[in-house]
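Thank you all for making the time this morning. I would like to talk through one chain and how some of its helices meet, and I will take it slowly.

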Amino acid sequence: MEDSKGRARSKMMRRSSTERRAAPAATSTAETASDRRDAAQSVPYGMRLAASWSWRLLLVGAVLAVVVFLVVQLRLIVIPLLVAVLVAALLVPFSEFLQRHRWPKWLSVTVAMLSALAVVGGLLTLGIWQIVRGSDELAAQSLVAWEDLKAWLLDGPLHLTEAQLNGWLEQAVAAVQQDMGIIWSGALSVGTTFGHFLAGMLLALFATLFILIDGRGIWNWIVGIFPRRGRAAVDGAGKAGWATLQNFVKVQILVATIDAIGIGLGALLLGVPLAVPIAILVFLGSFIPIVGAVVTGALAVFVALVYNGPVIALIMLGVVLLVQQVEGHVLQPLIMGTAVKVHPLGVVVAVATGSLLAGIPGALFAVPFAAVANVMIAYIASGDWKDDRTPSGRAAASPLWRTVPARPRPERPRPARGEDRT
């Protein structure tokens with residue numbers, strides 16, 4: 001009995017000593033947690049909210065930077081695929097129209113593809129044929145224009161001499177001979193670029209064909225990659241973006257047609273030859289921002305200078321600049337902005353940003369990208385994709401957003417004792 005009492009007494013003594021040692025640790029832990037709460041409360045709410053948003057914005061920016069880097073590295077594949085999506089946005093409604101009128105699907109797809117190839121190929125063939133047919137006369141008129149320019153330089157207000165002109169020509173020939181290496185390397189670069197262009201064109205054709213054949217299946221596969229809870233939102237946003245992209249393509253064709261009619265009609269009224277191929281080239285070049293307009297407009301001015309003289313060339317230059325200004329400041333911001341539901345200022349900023357980041361492809365895809373992104377984000381933010389079974393507050397319960405400090409709610413005054421709590 002005494003041994004058992006001694007063992008119990010020793011156990012109690014050890015337990016009390018353990019509790020005495022644990023008490024300071026618990027007290028220090030509680031004090032540390034209290035200090036942390038006090039430190040957090042000492043930071044203003046606005047600063048804590050700004051910090052919470054800042055690291056999220058940095059994370060989103062890092063993800064966007066990675067995406068842009070991958071797109072730049074894979075541009076030889078991404079650009080043809082984007083071109084295929086733009087072309088399919090125009091051809092899919094035509095194919096569906098034929099299918100609604102009881103055409104077989106394979107025949108509708110074939111007719112849509114062949115129609116697009118026939119229109120583009122026919123316009124290119126007509127323009128090139130007109131230019132080739134008048135090339136001999138153009139060369140002869142070029143020589144006449146050079147002789148007239150030479151006579152003006154010799155007898156005009158500059159009073160140049162024949163020796164000076166010949167010296168400048170010899171220097172130009174010598175510079176060309178010295179830079180033959182650069183010219184050859186440039187030719188090889190052009191050849192490589194042409195090979196990439198052919199490969200991209202074939203990829204775009206195949207991608208367009210597959211979108212026409214099984215576009216719905218491809219989209220369902222893309223939607224299936226996302227989590228099950230977000231598939232409704234992705235599917236609805238994609239459909240809204242696709243409708244906007246179709247509107248963009250239709251309006252872009254309208255803008256290109258107006259450009260072609262304006263410049264072609266101006267050339268015809270001024271008596272400039274090759275007005276038809278000039279209009280065709282302007283129409284095709286309008287789909288390539290900046291470069292297309294500059295090249296086709298310069299061609300129209302050059303033909304007017306060679307055939308009709310400097311006065312008509314200056315008037316033709318004014319017509320080209322007028323049409324381009326109307327396109328840049330009226331057609332693109334107003335008509336395009338209305339069709340794609342983007343503010344005119346947003347259209348201008350999107351084109352400028354795309355040109356700065358990715359050059360011509362960036363300018364080409366900037367407006368449709370901005371329009372589609374705007375519609376998709378607005379659709380997801382509207383919440384129309386939610387069904388009745390989805391709790392309205394489930395999105396706010398995401399772990400990512402739990403760390404955003406909530407605005408402290410003002411405490412309601414407690415009723416005094418004896419007052420009615422209702």
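Let me begin with a term that I will need shortly: a crossing of two helices is called left-handed if the near helix is turned anticlockwise from the far one by less than a right angle, and right-handed if it is turned clockwise. Please also keep in mind throughout that what you are looking at is a predicted model.

With that term in hand, we can turn to helix α4, residues 105-133, and helix α9, residues 275-285, whose axes come within 8 Å and cross at roughly 140°. That angle makes α4 oblique to α9, and the crossing of the two is left-handed. On the α4 side the residues in contact are Leu123, Leu124, Leu126, Gly127, Gln130 and Ile131, and these meet Val276, Pro277, Ile280, Leu281, Phe283 and Leu284 in α9. Sorted by class, that contact has 10 nonpolar residues, two polar ones and no charged ones.

Staying with α4 for a moment, this helix has 29 residues and reaches 41 Å from its first C-alpha to its last, which is close to the 42 Å expected at 1.5 Å a residue. Its buried residues are Ser108, Val109, Ala112, Met113, Gly127 and Gln130, and of these Gly127 and Gln130 are also among the residues that meet α9. Helix α2, residues 45-73, likewise has 29 residues, and it reaches 42 Å from its first C-alpha to its last, close to the 42 Å expected at 1.5 Å a residue. In α2 the buried residues are Tyr45, Ser52 and Arg56.

Let me step back to the chain as a whole. Its secondary structure comes to 13 helices and zero strands, and buried residues make up 24% of its 422 residues. If we take the contacts between residues at least 6 apart in sequence, 67% of them join residues at least 24 apart.

Now for a second helix pair. Which angle do the axes of α3 and α8 make where they cross? The axes of helix α3, residues 75-100, and helix α8, residues 231-269, come within 9 Å and cross at roughly 90°, and that makes α3 roughly perpendicular to α8. In this contact Val85, Leu86, Ala88, Ala89, Leu90, Val92 and Pro93 in α3 meet Trp242, Leu245, Gln246, Phe248, Val249 and Ile253 in α8. The residues of the contact divide into 12 nonpolar, one polar and no charged.

Within that contact I would like to single out glutamine 246, which has its place in helix α8. Is this glutamine buried or exposed? At 16% relative accessibility, glutamine 246 counts as buried, because the cut-off for buried is under 20%. Leaving aside residues up to four places away in sequence, glutamine 246 touches Ala89 and Pro93, both of which are listed on the α3 side of the contact.

Leucine 254 is also found in helix α8, but at 41% relative accessibility it counts as partly exposed. The C-alpha atoms of leucine 254 and phenylalanine 283 are separated by 9.8 Å, although the two residues are 29 residues apart along the chain. Phe283, you will recall, is one of the α9 residues that meet α4.

Two loop residues deserve a remark on backbone geometry. As background, most residues other than glycine have a negative phi. Arginine 102, in the loop between α3 and α4, has a positive phi of about 70° although it is not a glycine, and leucine 274, in the loop between α8 and α9, has a positive phi of about 60° although it is not a glycine either. As for their surroundings, arginine 102 is exposed, with a relative accessible area of 82%, whereas leucine 274, at 17% relative accessibility, counts as buried.

My last stop is lysine 150, which is found in helix α5, residues 135-155. Lysine 150 and glutamate 162 are 12 residues apart in sequence and 9.1 Å apart in space, C-alpha to C-alpha. Not counting residues up to four places away in sequence, lysine 150 touches Glu162 and Leu165.

That is where I will stop, and I am happy to go back to any of these places.

Methods. Residues are numbered from 1 along each chain as its sequence is written. This is a predicted model: local features need pLDDT of at least 70, side-chain atom pairs count only at pLDDT 80 or more; totals for chains, interfaces and linings use all residues. Side-chain values use heavy atoms; hydrogens and water are left out. Axes are lines fitted to C-alpha atoms, for helices over the stretch in contact, and angles run from 0 to 180 degrees between N-to-C directions. Helices (H or I, at least four residues) and strands (E, at least two) are DSSP runs, numbered from the N terminus. Angles under 35 degrees count as roughly parallel, over 145 as roughly antiparallel, 65 to 115 as roughly perpendicular and the rest as oblique. Contact means heavy atoms within 4.5 Å. Ala, Val, Leu, Ile, Met, Phe, Trp, Tyr, Cys and Pro count as nonpolar, Asp, Glu, Lys and Arg as charged, and the others, Gly among them, as polar. The expected span of a helix is 1.5 Å times one less than its number of residues. Buried means under 20% relative accessible area, exposed over 50%, partly exposed in between (1.4 Å probe, protein chains only).
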